[in-house]
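Visitor: I would like a close look at a single helix and its surroundings. Please take one part of the chain and go through it step by step.

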Amino acid sequence: MASQNLDPAATSVTAARKGVEPSGGAARSPVGKRLQQELMTLRMSGDKGISAFPESDNLLKWVETIHGDADTGYEDLRYKISLEFPSGYPYNAPTVKFLTPCHHPNVDTHGNICLDILKDKWSALYDVRTILLSIQSLLGEPNIDNSLNMHAAELWKNPPAFKKYLRSTYSKQVSSQEP
């Protein structure tokens with residue numbers, strides 16, 4: 001028999017998903033309030049190809065989905081990304097990683113992303129929407145000078161070969177993740 005979850009963070013996440021005013025400790029903290037606002041802003045933005053929701057009952061851990069932009073090798077591909085917010089958010093950057101394997105010059109084999117706004121160029125003015133749109137843009141316009149994946153960086157120089165390899169590996173990786 002499953003026990004009822006009385007965690008305040010769970011209540012606030014459920015409330016945010018339903019569009020109800022949340023209550024409880026996590027939602028009342030400065031970080032919780034900011035994340036509730038960002039979730040609602042993202043849902044209302046109408047941006048195509050990006051979405052994010054808290055994972056399970058934890059307001060500090062989100063799962064995002066990014067669709068590759070049209071006219072890039074990533075068009076029609078969908079990637080899941082994890083985002084973990086530190087207690088010092090928004091003054092400290094969240095930890096962002098690809099959950100779906102992504103063959104890209106700025107993404108390593110563990111899903112780590114080399115993106116300046118997630119490191120030394122972080123600003124408290126950035127939000128989840130900014131992060132997702134920046135990653136979506138990075139997919140089509142990598143920074144070859146700061147590559148984490150040398151194979152992808154070399155292959156990027158030959159767009160037809162890159163696209164063919166990307167499609168082939170994406171299909172294999174996605175099918176191997178399905179139950």
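Guide: What follows is a walk along one helix, then through its partner helix and the strands and loops of the chain. The model is a predicted one.

The setting comes first. The protein chain has six helices and four strands. Read from the N terminus, the order of these elements is α-α-α-β-β-β-β-α-α-α. Of the 179 residues in the chain, 40% are buried. Among contacts with a separation of 6 or more, 52% are between residues 24 or more positions apart.

The part chosen is helix α3, which covers residues 30–45. Its length can be checked by simple arithmetic. With 16 residues at 1.5 Å a residue, α3 should span 22 Å, and because its end C-alpha atoms are 22 Å apart, the expected and computed values agree.

Next, the two sides of the helix. Which residues of α3 are buried? They are Val31, Gly32, Leu35, Gln36, Glu38, Leu39 and Leu42. These residues cover an arc of only 165° around the axis, so they sit on the same side of α3. The other side of α3 has exposed residues, namely Pro30, Lys33, Gln37 and Met44. Just after the helix comes Gly46, with a positive phi of about 75°.

Now the partner helix. Two packed helices are described by the angle between their axes and the distance between those axes. For α3 and α4 (residues 128–140), the axes come within 9 Å and cross at roughly 50°. An angle of that value falls outside the parallel, antiparallel and perpendicular ranges, and α3 and α4 are therefore oblique to each other. On the α3 side, the contact is made by Glu38, Leu42 and Ser45. On the α4 side, the contact is made by Val128, Arg129 and Leu132. By residue class, this contact divides into three nonpolar, one polar and two charged residues. Two of the α3 names, Glu38 and Leu42, were already listed as buried in that helix.

Arg129 of this contact can be followed further. Arg129 belongs to helix α4. Is Arg129 buried, partly exposed or exposed? Its relative accessible area is 31%, so Arg129 is partly exposed. Not counting residues up to four places away in sequence, Arg129 touches Leu42, Ser45, Asp47 and Ile50. Leu42 and Ser45 are also α3 residues of the helix contact. Ile50 is in strand β1, which runs over residues 50–55. Arg129 and Arg43 are 86 residues apart along the chain, and their C-alpha atoms are separated by 9.6 Å.

Strand β1 leads on to the other strands. Glu55 lies in β1. With a relative accessible area of 35%, Glu55 is partly exposed. Glu55 and Ser82 are 27 residues apart in sequence, and their C-alpha atoms are 8.8 Å apart in space. Ser82 is found in strand β3, residues 78–84. At 13% relative accessibility, Ser82 counts as buried, because the cut-off for buried is under 20%. Leaving aside neighbours within four places in sequence, the contacts of Ser82 are Trp62, Glu64, Thr95, Val96, Lys97 and Leu99. Of these, Trp62 and Glu64 fall in β2, residues 58–67, while Thr95, Val96 and Lys97 fall in β4, residues 95–98.

The loops complete the picture. Most residues other than glycine have a negative phi, and most peptide bonds are trans. Asp71, in the loop between β2 and β3, has a positive phi of about 65° although it is not a glycine. Asp71 is exposed, with a relative accessible area of 77%. Asp76 is placed in the loop between β2 and β3 as well, and has a positive phi near 70°. Asp76 is also exposed, at a relative accessible area of 67%. Thr72 lies in the loop between β2 and β3 too, but counts as buried at 18% relative accessibility. Apart from neighbours within four places in sequence, Thr72 is in contact with Gly140 and Arg167. Gly140 is a residue of α4, the helix that packs against α3. In the loop between β3 and β4 lies Pro90, and the peptide bond from Tyr89 to Pro90 is cis, with omega near 10°.

Notes
Residues numbered from 1 in each chain as written. Predicted model: local features only at pLDDT ≥ 70, side-chain atom pairs only at ≥ 80, totals over all residues. Heavy atoms only, no water. Axes fitted to C-alpha atoms, helices over the stretch in contact; angles between N-to-C directions. Parallel < 35°, antiparallel > 145°, perpendicular 65-115°, else oblique. Contact = heavy atoms within 4.5 Å. Nonpolar A, V, L, I, M, F, W, Y, C, P; charged D, E, K, R; others polar. Expected span 1.5 Å × (residues − 1). Buried < 20%, exposed > 50% of the residue type's maximum accessible area, 1.4 Å probe, protein only. Arc of directions from axis to C-beta.
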